[in-house]
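Reader: Could you choose a single part of this model, look at it closely, and then work outward from it to the rest of the chain? I would like the geometry spelled out with some care.

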Amino acid sequence: MGLIFIIISISIVWVASLWKIFFSHSKPTFLNEGTPLHKKNVLLVVAHPDDESMFFSPTINYLTSKGHNLYLLCLSIGNADGMGSSRKDELYRACVVHKIQLQQVNVLDHPELQDGFGQVWNHGLVAQIIEEEVYSHVIDVIITFDSYGVSGHCNHGDVHYGVRKFLHDSSPGNIEAWELVSINIMRKYSGLFDIWMSNLDVMQHPSGVMHCLLNEHPLKSFQAMAEHSSQWVWR
């Protein structure tokens, strides 16, 4: 009897989660302040090819749907396993799916910014590269990882601290910076159920400080990640 009750309860919450995601849309206000015609130049900074699709796909879908001008800076070609050239090509193909203009995608292969858990990146160098991108493209908004970097990869954290160093040392002062909040492993793999916790997180912060963006184009996200075929392996 107890097992039946648990199954029924999970089913009810699952259906409620589906309804919340697909039918209870509240209009996001992220980068949506001011006049509708005020579109922003946004710089997404990631560490490796596939980061953009694996971790930031809902954000990319939101930004492109709102007409914001998105630039992507990938600080390495992800060559830890010697597949950097293939991974770089996969990134460009994923950007086509995401409708990011390829001339606005910059993938670096810097000798001091190589992919790997044992590779510690110089935060000053990362900040310098970001500064060049910001001034070159008149960037209004930077989006990147938080200090944990979702998966705990050290390169993700290095990107975060590089952005912070740029903001502290060189930022002109009128740039917004946003980070993707890492969650614990239970929430990460709870699927639809996490919508309730994410909304609760937003409610616990002052208005406008945290946003929960639903992925309104999950098929596009899957198609973009599918372009990173070299990463669809069991490790």
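Author: A polar contact, as the term is used here, is a pair of N or O atoms within 3.5 Å, and within protein one of the two must be able to donate a hydrogen while the other must be able to accept it. The model is a predicted one, and the part I have chosen is Ser 76, which sits in the loop between strand 2 and helix 4 (84–98).

The side chain of Ser 76 makes a polar contact with the backbone oxygen of Ala 47 at 2.7 Å, and it also reaches the backbone nitrogen of Gly 78, at 3.2 Å. Because buried means under 20% relative accessible area, Ser 76, whose relative accessible area is 1%, belongs in that class. Leaving aside residues up to four places away in sequence, Ser 76 touches Ala 47, His 48 and Pro 49, then Val 107, Leu 108, Leu 113 and Asp 115, and finally Trp 121. In the case of Leu 108, the C-alpha atoms of Ser 76 and Leu 108 are separated by 5.0 Å, although the two residues are 32 positions apart along the chain.

From this loop one can step to helix 4, where Arg 87 forms a salt bridge with Asp 50 in the loop between strand 1 and helix 2, the nitrogen-to-oxygen distance being 3.3 Å. The partners are 37 residues apart, so that the pair links distant parts of the chain. Arg 87 is buried at 6% relative accessibility, and Asp 50 is likewise in the buried class, at 7%. Side chains of opposite charge can pair when their charged atoms come close.

A contrasting case of pairing is found in helix 6, where the side chains of Asp 169 and Lys 165 meet at 2.8 Å, N to O. These two residues both lie within that helix, 4 residues apart, which is about one turn. Asp 169 is partly exposed, at 45% relative accessible area, and Lys 165 is partly exposed at 36%. Returning to the buried pair, salt bridges that share partners join Asp 50, Arg 87 and Asp 115 into one network, and Asp 115 is one of the residues that Ser 76 touches.

The structure holds 5 salt bridges, including one between Lys 40 and Glu 176, whose side chains meet at 2.8 Å, N to O. This pair, too, links distant parts of the chain, with Lys 40 in the loop between helix 1 and strand 1 and Glu 176 in strand 5, 136 residues apart. Lys 40 is buried, with a relative accessible area of 10%, whereas Glu 176 is partly exposed, at 27%.

Strand 2, on one side of the loop that holds Ser 76, is also one of the elements against which the buried residues of helix 5 pack, the others being strands 1, 3 and 4 and helix 6. The residues of helix 5 that are buried are Leu 125, Val 126, Ala 127, Ile 129, Ile 130, Glu 133 and Val 134. Helix 5 covers residues 123–137 and reaches 21 Å from its first C-alpha to its last, close to the 21 Å expected at 1.5 Å a residue. Its N-terminal end is capped by Asn 122, a side-chain oxygen of which lies 2.8 Å from the backbone nitrogen of Gly 124. Helix 5 is followed by Val 138, which has a positive phi, near 50°, and which is exposed at 55% relative accessibility.

Helix 4, on the other side of the Ser 76 loop, offers a second backbone case of this kind, since the loop between helix 4 and strand 3 contains Lys 99, a residue with a positive phi of about 65° although it is not a glycine. Most residues other than glycine have a negative phi. Lys 99 is exposed, at 60% relative accessibility, and it is among the residues touched by Lys 220, which belongs to helix 9 and counts as buried at 19%.

For the chain as a whole, 40% of its 235 residues count as buried. Residues 24 or more positions apart account for 78% of the contacts with a separation of 6 or more.

Terms used:
Residues numbered from 1 in each chain as written. Predicted model: local features only at pLDDT ≥ 70, side-chain atom pairs only at ≥ 80, totals over all residues. Heavy atoms only, no water. Expected span 1.5 Å × (residues − 1). Buried < 20%, exposed > 50% of the residue type's maximum accessible area, 1.4 Å probe, protein only. Contact = heavy atoms within 4.5 Å. Salt bridge = Lys/Arg side-chain N within 4 Å of Asp/Glu carboxyl O.
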